[in-house]
Amino acid sequence: MKTSIATVSISGDLREKLAAIAAAGFDGVEIFENDFLAFDGTPAEVGRMIRDHGLEITLFQPFRDFEGLPEPQRTRAFDRAERKFDLMAELGTDLMLICSNVSPAALGGIDRAAADFHELGERAAKRGLRVGYEALAWGRHINDHRDAWEIVRRADHPNIGLILDSFHTLARKLDVETIRAIPGDRIFIVQLADAPYMEMDLLSWSRHYRNMPGQGDLPVVDFMRAVAATGYDGPLSLEIFNDQFRGGSPKSIAVDGRRALVNLMDQVRRAEPGTIAIDVPDMPDRIPVEGVEFVEFAANDEEAGELGQLLSTMGFAPQAKHRNKDVVLWRQGPAASGINIVINTEHEGFAHSSYLVHGTNAYALGIRVEDAQATVARARALGAEPFEQKRGPGELAIPAIRGVGGGVIYFIDSRSELSRVWDIEFAPLPKRKTTVDAGLVAVDHIAQTMNYEEMLTWILFYTAIFRTRKSPMVDVVDPGGLVRSQVIESENGTLRLTLNGAESRRTLAGHFIAESFGSSVQHLAFASRDIFASAAAMRKLGFRPLEISPNYYDDLEARFGIDAALSQRLRSHNILYDRDEGGEYFQLYSTNYGEGFFFEIVERRGEYRGYGAANAPFRIAAQKRQLRPSGMPKS
């Protein structure tokens, strides 16, 4: 599998781009003409620099407005092409992209264009070069890959081939199955991009909103399945125009790009078994998630006590202590199926480093899967970094990877001793005389907060490794600005992650990122079988709920037509309410812990699938009233 990426896809100058592309593991690079023109070295120097990085130049692009021109424009177009051929020879590449003509002077006509390409093929052949033709979605006369292929077919020259771009085909909603009839050896390169569905001008959509395969909404897998069926075995290249990427980290975006290509082709290989000429890396299939085994906090001794007190008011109790480390297991519910919260107060190791940087934070997740080793194998094949640290006597080697945002994800399965981790590594603590279970039964969802420009990276990371799907993005209105929220969830709800992208520090999410020095878990939501019973039990334990404005409940009665008795029950416990066509949703929040972390208790009734997004502005307003004023030092 030969992977490539266009230099236009990532930020930085040409040197920075090439370093990031090589470090991410790409085999080749498309040189976008503007990147070359802005560079202060000769073509030969650029070529050497690329080869020194272990890369090859898969394509030089773009050459515009060539075919179907009247004289004297036609002669000038051939002269321009000859000059580009000179440049290509110095760079050390043999393939140039010509995109379909958009000039008002273009005359159109399949045969006229084919004749132009046949002549250009003759000129290219004398220099040992090739030319690929691509149908732009907004081309003046040619905007369909079928017409572009017909021109290439009629040109009938071995040095003239087709270039397919997933965006141009999918944005126009063309039938991808028509690609299967094209001979694979006549396709010179395949360019890939995804994009969110948007109703807008095709050119603007393409130039500003493309993203990596799997990050958007286009059926890129179906497109690539059709390409694979042709027998094509050449480079798979990313061509991404995205304003957000232009200002992002070239290293991060390059890593995303290669991860996206490998994940895409793994899906294609499974959908088209035995028909793909491209050699796809072997890896386990996307991993089903059985549940959240634990959430681990890093803290110091004082803050661990404060966190433990808050957990106590929600019905959790300390159950066991690690045999070698300052780590305590808090649990609610039975050992086999309860909620496990781990508090780590070690003075060395990764948890301690995380505390020093971020303060008390949920730095690690334990995910229950069918096969922990297979999960790590897939994650590593997709570029995730494995995580290991020194083990003490009797400790298990728990498979783990570095998660996005700097945390850790551990994997537990039932096929090995990992399922006995609590018995093997932890010693039971004496039971408290008065332990009250508040009726919390599972982790409903985990909310992670990041800067908005990082969201696509997080989405790709989770959806490529785990068998999950992403929901449509929702705008959450904060008094300080918008927060973009998108859910990643498994089909059966065993894993639900709400990703919240902050664009402004004035939002609660932005404040949390700024004060905790990085993206992280901002809140944990626990499921209750009966939220009113849980609220009553927690009140007796000293739980302080987030106080919701009375105005909210007055509006709730009018909006949903709920009866006064239910409204009063909600109001008395500060419980928020939502409803959709599938069922009902109840939410109860803790007060803030630190600079914006909090807990949530939820109850889902019926087939409600949402997360109470309509309630977010009222919850956020209440939480922001609790924050210390800007500029006031922490006590």
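**Exercise 1.** In this predicted model, find which residues Phe-66 touches, not counting residues up to four places away in sequence.

*Solution.* Once those sequence neighbours are set aside, the residues in contact with Phe-66 are Ala-77, Phe-78, Ile-98, Asn-101, Asp-116, Phe-117 and Leu-120. To place Phe-66 itself, look at the loop that runs between β3 (56–63) and α4 (73–91), where this residue lies.

**Exercise 2.** Decide whether Phe-66 is buried or exposed.

*Solution.* Begin with the cut-off, by which a residue is buried when its relative accessible area is under 20%. The relative accessibility of Phe-66 is 1%, and therefore this residue counts as buried. For the protein as a whole, 57% of the 635 residues fall into the buried class.

**Exercise 3.** Work out how the radius of gyration of the protein relates to that of a compact globule.

*Solution.* First take the expectation, which for a compact globule with 635 residues is a radius of gyration near 26 Å. Then turn to the protein, whose value of 28 Å agrees with that expectation. The spans of the C-alpha trace along the principal axes, about 90 × 60 × 50 Å, complete this step.

**Exercise 4.** Determine what share of the contacts between residues at least 6 apart in sequence joins residues at least 24 apart.

*Solution.* Taking the contacts between residues at least 6 apart as the starting set, one finds that 73% of them join residues at least 24 apart. The chain in which these contacts are made has 21 helices and 25 strands.

Methods. Residues numbered from 1 in each chain as written. Predicted model: local features only at pLDDT ≥ 70, side-chain atom pairs only at ≥ 80, totals over all residues. Heavy atoms only, no water. Helix = DSSP H or I, 4+ residues; strand = E, 2+ residues; numbered from the N terminus. Buried < 20%, exposed > 50% of the residue type's maximum accessible area, 1.4 Å probe, protein only. Contact = heavy atoms within 4.5 Å. Rg over C-alpha atoms; globule rule 2.2 N^0.38 Å.
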